[in-house]
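Below is a note on the model, set out as numbered points for a colleague who has the coordinates open. Please read it alongside the display.

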Amino acid sequence: VRANALGRKIGAAIASAIQNEKGISSCAIVLPSGQIDGNPSCLTAMSAAFIEKMYADNRFRTGSNVKKIAENVEKATLVIDDESSMANNQNAFVDALADGRKIASGTFLAKDIVNSPHNTLNSLSLADTAKRIASESNGFIECNILEKDDCERLGMGAYLGVARGSETP
């Protein structure tokens, strides 16, 4: 848990520093020896926090309202200043960074769903999103869309009551 908290703090701090430096196109981040202590979960948390901090939902913004976060940055390189740790754990570290990207991607999807207006994300498009997530999971996630009759049979009266006010089924 401490490694994850440390990783999140490092990732967020790096993203903030990059955002404050206007006009840079690349950067290198050097983690001193002992910062990750051979713990890939620290890198997962760092990667997720870094990427999440760089996110801006601009789907419904135009002109000067568009948030431009580190718009010129094309590359961020991570250097782990611990040759023995890097040599022994390189594949685990690469996988941990990729896992952080996946976590951030899930966070973005959740934010996009929560922040979507009803005319954009209604029950039909939410069902389509759930189906897409399931199909992209290669069988790991199963999706069952409930129809009105299914909800009634399951006693989901409160849910159906809210749905009655919707223009879409």
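**Notes on the model**

1. R59 has a relative accessibility of 39% and so counts as partly exposed. The scale used throughout is: buried under 20% relative accessible area, exposed over 50%, and partly exposed in between, with a 1.4 Å probe and protein chains only. The model is a predicted one, in which local features need pLDDT of at least 70 and side-chain atom pairs count only at pLDDT 80 or more, while totals for chains, interfaces and linings use all residues. Residues are numbered from 1 along each chain as its sequence is written, and side-chain values use heavy atoms, with hydrogens and water left out.

2. R59 is paired with D57 in a salt bridge, where the closest N and O atoms are 2.8 Å apart. A salt bridge here is a side-chain nitrogen of Lys or Arg within 4 Å of a carboxyl oxygen of Asp or Glu. D57, unlike its partner, counts as buried, because its relative accessible area is 15%.

3. The overall architecture is next. The chain contains six helices and two strands, and their order along the sequence is α-β-α-β-α-α-α-α. Its radius of gyration is 21 Å, whereas the globule rule gives 15 Å for 169 residues, so the chain is more spread out than a compact globule. That radius is taken over C-alpha atoms, and the rule is 2.2 Å times the number of residues to the power 0.38. Helices (H or I, at least four residues) and strands (E, at least two) are DSSP runs, numbered from the N terminus.

4. The C-alpha trace spans about 60 × 40 × 25 Å along its principal axes. Of the 169 residues, 26% count as buried. Among contacts with a separation of 6 or more, 72% are between residues 24 or more positions apart; a contact means heavy atoms within 4.5 Å.

5. How much of α2 is buried? Ten of its 14 residues are, so the helix is largely enclosed by the rest of the structure. The buried residues include C42, L43, A48, F50 and E52. From first C-alpha to last, α2 reaches 20 Å, close to the 20 Å expected at 1.5 Å a residue; the expected span is 1.5 Å times one less than the number of residues.

6. A104 belongs to helix α3, residues 83-114. With 0% relative accessibility, A104 counts as buried. Leaving aside residues up to four places away in sequence, A104 touches A48, I51 and E52. A104 and A48 are 56 residues apart in sequence, yet their C-alpha atoms are 5.0 Å apart.

7. E52 also forms a salt bridge, with R8, the closest N and O atoms being 2.7 Å apart. E52 lies in α2 (residues 40-53) and R8 in α1 (residues 2-20), so this pair ties together parts that are 44 residues apart in sequence. E52 is buried because its relative accessibility is 14%, while R8, at 37%, is partly exposed.

8. Helix α4 covers residues 123-136, and its end C-alpha atoms are 20 Å apart, which agrees with the 20 Å that its 14 residues should span. N122 caps its N-terminal end, with a side-chain oxygen 3.0 Å from the backbone nitrogen of L124. The buried residues of α4 are S125, A127, T129 and A134. After α4 comes N138, whose phi is positive, near 55 degrees.

9. A search of the whole structure finds six salt bridges, one of them within α4, between E136 and R132 (3.5 Å, N to O). E136 is exposed, its relative accessibility being 52%. The two residues are four apart in the helix, so about one helical turn separates them. Elsewhere, salt bridges that share partners join D57, R59 and D112 into one network.

10. Why do C143 and C151 form no bond with each other? The sulfur of C143 has its closest cysteine sulfur in C151, 13 Å away, which is too far. A disulfide requires cysteine sulfur atoms within 2.5 Å, and the structure holds zero disulfides. C143 is partly exposed at 27% relative accessibility, whereas C151 is buried at 3%.

Definitions and conventions: A polar contact is a pair of N or O atoms within 3.5 Å; within protein, one must be able to donate a hydrogen and the other to accept it, and residues adjacent in sequence count only if both atoms are side-chain atoms.
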